[in-house]
Every structure is written in structure tokens, then in C-alpha cells.
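User: Please take a close look at the enclosed space inside this model and at what surrounds the bound molecule beside it. I would like one connected account rather than a list.

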Amino acid sequence: MNKKTLLITGGAGFIGSHVVRRFVNEYPDYLIVNLDKLTYAGNLENLKDEENSPNYLFVKGDITDAAFLETLFNQYQFDGVIHLAAESHVDRSISNPMEFVMTNVVGTVNLLNMCKMIWNGQYENKLFYHVSTDEVYGELGDDGKFLETTPYDPNSPYSASKASSDHFVRAYHHTYGLPVKISNCSNNYGSHHFPEKLIPLMIHNILNMKPLPVYGKGENVRDWLFVVDHARAIDVIFHQGKMGDTYNIGGNNEWKNIDLVKLLCQLMDSKLGREEGTSEKLIHYVTDRAGHDFRYAIDAGKLMNELGWQPSVTFEQGLEKTVEWYLSNQEWLTHVTSGAYKNYYQQMYSNR
Ligand code: NAD
Ligand code: DAU
């Protein structure tokens, strides 16, 4: 008998797969249902190691489809939802904002409605946990950090859609008393990261001696957190965070893009036995991202002081683990870049 039945949305994506792995392994008495549409970013190969776990179940479906969700929620009567499903890439949001409105805003409201429907005012031991981003706070200049109280000021269609979803989650708490928690995290890095984002894209291109596209002058700053530490933070907030509260999550680890790319070049040259300086020659400055936010930095003091969370690895350790993972899992990269990962669902689930 499972103590809790949890829905994790977007569990086949980068962060979602780490959250699913953590909850399946840490809480064997929870049933974890992973709902994912398997868009280009969803890859069930990310969870190969969990697919036969007795407390894990995968369901393919779309959070914008309210009728489908109603059937699913009636069937499983979830005690909690950890919502990660989203369109997550800023550059794609610039070319196709509507996809972001549909999944990130409409999809989130659909899920809130389903929780409201099945919980029907009986909120004890129930929780809707919304996973969001630091980008909702807009951009910083050279100084300062985002606090939970920083006013929202999103700049890209992606961050505007995430900000909107955060507002709906708050509104459902305020208006209907729905039990919710929100976390806003900085840039994640680690294994299973789709190679359209900075770190995995650079690793892939360095490996293949392809140009390394650095936007603008490479001076924009991001705060990087190891994905396993994000999953740990979600676990802590899910179980111990205050109802209705927001928690910022970050690595206190700011890097200019160009410095980070150079660091990756050095690390990869040494791992691949290449002469020092070989990969840096691949750096190629390209047209800047439209509306490119200059700097993000998170103050995670509330999470650290109230809930005792700390990152478990330094950036050097996390980056080393990440590069090693990509080097030992080149088949994963080949499947993602060739599109072969899309066949995995067909092979695994066609007769289930
Ligand atoms: P991702 O793009 O790797 O994964 C998103 C997942 O959602 C994919 O598996 C995709 O198939 C699924 N999905 C997309 N649309 C769907 C739909 N309509 N119905 C069901 N499933 C759908 O994203 P990620 O980087 O793992 O980010 C996960 C969450 O964390 C997002 O909400 C994102 O905003 C947030 N976040 C990401 C970062 C980061 O650095 N990547 C930082 C802070 C917050
Ligand atoms: O801050 C959290 C956010 O971090 C998440 O909410 C988003 O889902 C996630 O995608 C990420 O957004 P960014 O836009 O910061 O990540 P990205 O990896 O796309 O880019 C990181 C920085 O590197 C950014 O300043 C743009 C730059 N960049 C990116 C790519 C893909 C390049 O210079 N070259 C590139 O090829």
C-alpha cells in the first residue's frame, strides 16, 4: 500500500528526471507517476535506470488537455503534484511564444483546476508544488541578488509565461486556499541536459571540434547549480517548506558565459588528452540573443537558514562529474542529436 501517490509532470526532461529518480529511490512507499508529453525535450532514456522500479509509473500525456487530465486525476487521486512540465528554452520562446503560453500558463492552470476538483476543499496532507525559475525577477546589473520579495519583472516570452504561471499558483492559494509551494531556481547543469542549452551544447561541440557559439560579447552572467542539488532542494521544500511560501534556490556561483566556456575548454582538453588551448580556438562570437538578460544571481538564504539546505558539491566537482558523464554516455548524446531517442518510447511502451 503506497503512503502517497505523487504526480510529477515533465519527469522525462532534464530536471524532472533527476526529481523522479530522487523521489522513487528516497521514498519507496510513495507511488510516483511521471506524466510527460515527450516533446523534443522529453527523453525516456533519461530514466532507463528507474523504468522497472515497483513504485514508478510513466504516463504519456499533455497538460494542456483538460479532459485527459480529468480522467488521470480521477483514476489516481493524487496526494501531491510536483509540476515541472514546461517549455524551457528562452531562444525557442523568442521564435514561438504561443507554445509557451499553452504549456506553461494554460497547462499549469489545468493542473491547478484538477487539484481543486479532486481535493474539493479537503487539503490536509495535500500539496501542489510549482517548480519555477529565477528569470521571473528580470535582470540584475553588476550588483545585488534576487530575494523572494523581489518584484516580478520578466523580459522574455519564456520568463513571462513562467511568471504568469507563478501568479496563477499564488492566486489559487489566496482565492481557494489550495495548498501550494513555489521555488524559483537559477541555471541548472548536470547529466541528461539537452544539448541546446549552454553547457551541454558546448560539451557536445568541443567533443566534435565544432564552433562554440558565444552570444554577444560573452559577458552575461548566470548562477549555476548542480541539478542533483536542485532535486534535493525540491525534496526538502516539498516535505518541510511552509505552505503558501516561495523559496529561492541557487548555487551562489556566478560565471560570465565566456569564462565558463573557457573553463569547459580547458577541462575537456585535459580529459580528451588534447594540447592545451585546442578547444578555445573553436570559440566563435555570434549575434546576441534578443532582449538577453544581463545577469541573474540568487540569494538562497531563506532556504539555507530555514530548512538547512546546502549544495552538496562545489562547482569544480559538479562540472567534473558532468563532463565525465557526457564522455561516458556518448550514446545518449548521439541519440539526442540524431533524434533516435524518440524511438525509445515506441520500443519500451508499445505493448504495455
Ligand atoms: P526540459 O525542457 O528539459 O523538460 C521539460 C519536460 O516537460 C520535457 O520532458 C517535456 O516533454 C515536458 N513537457 C513539455 N510540454 C509538456 C506538456 N504540454 N505536457 C506534458 N509534458 C510536457 O526542462 P528542464 O530544464 O528540466 O526544466 C524543468 C522545469 O524547471 C521547468 O518548469 C523550468 O521552467 C524549470 N527550471 C529550469 C531551470 C534550468 O536551468 N533548466 C532552472 C530553473 C527552473
Ligand atoms: O535561470 C534559470 C533558467 O536557466 C531556466 O529557467 C531556463 O529554463 C534555462 O534554459 C536557463 O536559461 P538561460 O537562457 O540562462 O540558459 P541557456 O543555457 O540557454 O543560456 C545560458 C547563457 O549562455 C545565456 O546568457 C545565453 C548564453 N548562450 C546560450 C547558448 C545556448 C550562449 O552564449 N551560447 C549558446 O549557444
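Analyst: In this predicted model, the residues lining the largest cavity divide into four nonpolar, three polar and four charged. The nonpolar members are Val90, Ile94, Ala290 and Tyr296, while Ser156, Gly291 and His292 count as polar, and the charged ones are Glu135, Arg222, Arg289 and Asp293. The space that they enclose comes to about 50 Å³, and the structure holds three cavities of 30 Å³ or more.

Two of these lining residues, Arg289 and His292, lead on to ligand 2, since Arg289 and His292 are also among those that come nearest to this ligand, together with Thr133, Asp134 and Tyr158. The shell around ligand 2 numbers 23 residues, of which nine are nonpolar, eight polar and six charged. Strand E8 (212-215) and helix H6 (198-207) each supply at least two residues of that shell, and E8 gives the most, with three.

Polar contacts with the oxygen atoms of ligand 2 come from both backbone and side chains: a backbone N or O atom of Ser88 lies 2.7 Å from one such oxygen, an N or O atom in the side chain of Asn187 is 2.8 Å from an oxygen of the ligand, and a polar side-chain atom of Lys197 is 3.4 Å from a ligand oxygen. Taken on its own, ligand 2 has 690 Å² of accessible area, and the protein covers 94% of it.

The loop that joins H6 to E8 holds Met209, whose phi is near 55° and thus positive in a residue other than glycine. Most residues other than glycine have a negative phi. Met209 is partly exposed, with a relative accessible area of 42%. Gln77 also has a positive phi, near 45°, and sits in the loop between helix H2 (66-76) and strand E4 (80-83); its relative accessible area is 40%, so Gln77 too is classed as partly exposed.

For contrast with the cavity described at the start, the second largest cavity has about 40 Å³ of space, and its lining comprises five nonpolar, five polar and no charged residues. That lining is formed by Ala12, Gly13, Phe14, Ala41, Asn43, Asn46, His192, His193, Phe194 and Trp332. The lining of the largest cavity, by comparison, includes four charged residues, one of them being Arg289, which is also one of the residues that come nearest to ligand 2.

Conventions:
Residues numbered from 1 in each chain as written. Chains lettered and ligands numbered in written order. Predicted model: local features only at pLDDT ≥ 70, side-chain atom pairs only at ≥ 80, totals over all residues. Heavy atoms only, no water. Near = heavy atom within 4 Å. Polar contact = N/O pair within 3.5 Å; in protein donor to acceptor, adjacent residues only side chain to side chain. Areas by Shrake-Rupley, 256 points an atom, 1.4 Å probe, with all protein chains shown as cover. Helix = DSSP H or I, 4+ residues; strand = E, 2+ residues; numbered from the N terminus. Buried < 20%, exposed > 50% of the residue type's maximum accessible area, 1.4 Å probe, protein only. 1 Å grid on protein atoms, 1.4 Å probe; cavity = no way out; pocket = protein on both sides within 12 Å on 5 of 7 lines; lining within 4 Å. Points joined across faces, edges and corners; volume = space filled by probe spheres on them.
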